[in-house]
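Me: Could you take a close look at one part of this protein for me, the surroundings of the residue that its database record marks out? I would be glad of a walk through the neighbouring elements too.

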Amino acid sequence: MSSANKPIGVAVLGMGNVGTEVVRILTENTDDLRSRVGAPLELRGVAVRDLSKKRPGVPPELLTDDAAALIDRDDVDIVIELIGGIEPPRSHIRAALDSGKSVVTANKALLADYTGELATAAADSRADLYFEASVAGAIPVIRPLMQSLAGDTVQRVAGIVNGTTNFILSAMAETGADYAETLAEAGRLGYAEADPTADVEGYDAAAKAAILASIAFHSRVTAADVYRQGISSITPADLASAAKLDCTIKLLSICERIVEADGTEQISARVYPALIPLSHPLAAVNGAFNAVVVEAENSGRLMFYGQGAGGAPTASAVMGDVVMAARNRVYSGRGPLESTYASLPVASIATVGTRYYVSMKVEDRPGVLAQVAGEFAKRHIGIAVVRQEGAGDQAQLIVVTHLAPDGSLSETVAALEDMDAVTKISSVLRLEGTDE
Ligand SMILES: NC(=O)C1=CN([C@@H]2O[C@H](COP(=O)(O)OP(=O)(O)OC[C@H]3O[C@@H](n4cnc5c(N)ncnc54)[C@H](O)[C@@H]3O)[C@@H](O)[C@H]2O)C=CC1
Ligand SMILES: N[C@@H](CC=O)C(=O)O
Ligand code: NA
């Protein structure tokens, strides 16, 4: 048998939402995959946690609960990690890479903090580490950033990168659906993480922002570098208020190159729910769909859109990586290596400027509006819109600002909280996607 025909042995770790679909594609599409790779892709085994669970369509002799032994087999060339979380995936991936096996993973939580370690292990043993599925599910975004845009200078990567929260916010905005029920449905549909706190508190989107920023800006950004705020405090009242301003609310992930007047550069990486105008392209991204807008110096603006979560869409991205890794083994190629030469520092959120929406309960009496406006004016924050909703005890004052530094806005909110006439700060949200 020539080396071009030698089978490539594949091991799958984890058979949940994504693993089940990957095993299905590997077993259903063997002929096409063989033609595309240039050699048969042979499934050697599937590591699962519970051997007693029925797995229709999977030959029982392929199932094992000993992932380490499966990885160690001589006839395994590519390890597909779909367990999720830090351990045991980190140890399994290290074991595979250290022994020269290629790894494909969808594990953004792990990559956000350990890409450095894993990429070094891959480089040392000349193995490949692919992770297209880790950001925005089916949407090709890692490969475009790492390869297609490798000759350009990326300025901004921003968008919606968490399907679960987008599914929840879309349902709340469209039908007034209940937050908890919609989250449970996202779990049933295979969108949510094993612990959905990762989704709703923005950890998942922050991990993805860290991965995107690292690649886009050739630097090492970890999850802890990303400013993060989730959607658990967004209320139906916020969405209704946003609608009155011709806006909707989306959980945004924003990675930007900040260039100071003296030419020094920093990265801003942040995740938060924000109002965006209904006319903005991201406002039309609903359900578990994701969209990523990339702006680079020479390419201009590029928009990537598609299914950001779910078993089959995510498996599509995993399988694209598996074919790449397999071809590299057949034809002695190499996948792209980590690039961190720029080592740009990450800016503090306090220095980042955005527009704000502040909603507060105030006493309904003369002079309050002037007092509130005065606190914004003291810190040189311009007000674009002031609106009162309701009256008496229910009076709600909405203030939308012009561009303001995060630090000044935080000081203003603290001062408003101290005012007798302000009984409650109901929400402080950012407003993105407008011209100023
Ligand atoms: N579900 C989705 O839409 C997407 C998921 N991902 C990522 O893909 C990975 C897998 O996600 P899902 O399939 O949704 O998770 P899941 O929780 O449905 O599946 C994980 C599976 O791994 C099994 N498992 C746990 N410990 C194990 C062990 N020690 N050995 C073998 N199996 C073990 C669990 O029993 C479970 O069946 C995660 O890293 C997730 O963040 C990435 C993009 C989208
Ligand atoms: N839980 C994640 C799954 C895909 O990455 C999400 O909802 O986006
Ligand atoms: Na992707």
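Reply: Happy to help; here is the marked residue, followed by its helix, the strands and some salt bridges.

This is a predicted model, in which local features need pLDDT of at least 70, side-chain atom pairs count only at pLDDT 80 or more, and totals for chains, interfaces and linings use all residues. Residues are numbered from 1 along each chain as its sequence is written, chains are lettered from A and ligands numbered from 1 in the order in which they are written, and side-chain values use heavy atoms, with hydrogens and water left out.

Let us start with the record. UniProt, in an unreviewed entry, lists K208 under "active site"; its positions are given in the numbering used here, feature names are shortened, and annotations may be inferred rather than shown by experiment. K208 has a relative accessibility of 4% and so counts as buried (buried is under 20% relative accessible area, exposed over 50%, partly exposed in between, with a 1.4 Å probe and protein chains only). Beyond its neighbours within four places in sequence, K208 is in contact with K108, S134, V135, A136, V161 and N162, where contact means heavy atoms within 4.5 Å. The side chain of K208 also makes a polar contact of 2.5 Å with that of D204 (a pair of N or O atoms within 3.5 Å; within protein, one must be able to donate a hydrogen and the other to accept it, and residues adjacent in sequence count only if both atoms are side-chain atoms).

The helix that carries K208 is α10, residues 203-216; helices (H or I, at least four residues) and strands (E, at least two) are DSSP runs, numbered from the N terminus. Of the 14 residues in α10, 13 are buried. From first C-alpha to last, α10 reaches 20 Å, close to the 20 Å expected at 1.5 Å a residue, the expected span being 1.5 Å times one less than the number of residues. After α10 comes H218, with a positive phi near 50°.

Now to the strands. Strand β9 (residues 247-259) is mostly covered, with eleven of its 13 residues buried. Strand β7 (residues 154-160) pairs with β9 in the antiparallel sense over four bridges; two strands pair if DSSP finds at least two bridges between them. A158 has I254 as its bridge partner in β9, and I254 in turn is partnered by R270 in β10. Strand β10 (residues 265-277) runs antiparallel to β9, joined to it by 13 bridges. Five residues separate the strands of the β9 and β10 hairpin, where G263 takes a positive phi near 90°.

There is also an open sheet of six strands, with parallel pairing and the order β3-β2-β1-β4-β5-β6. Its edges are β3 (63-64) and β6 (129-130), which have a single partner strand each, so one side of each is left without a neighbour in the sheet. Within this sheet, β1 (residues 8-13) and β2 (residues 41-47) run parallel and share six bridges; G9 has E42 as its bridge partner in β2.

E42 leads on to the charged pairs, since E42, R44, R73 and D75 are linked in a network of salt bridges (a side-chain nitrogen of Lys or Arg within 4 Å of a carboxyl oxygen of Asp or Glu). The structure holds 27 salt bridges. One of them joins R379 to E375, with the closest N and O atoms 3.0 Å apart, and both residues are buried.
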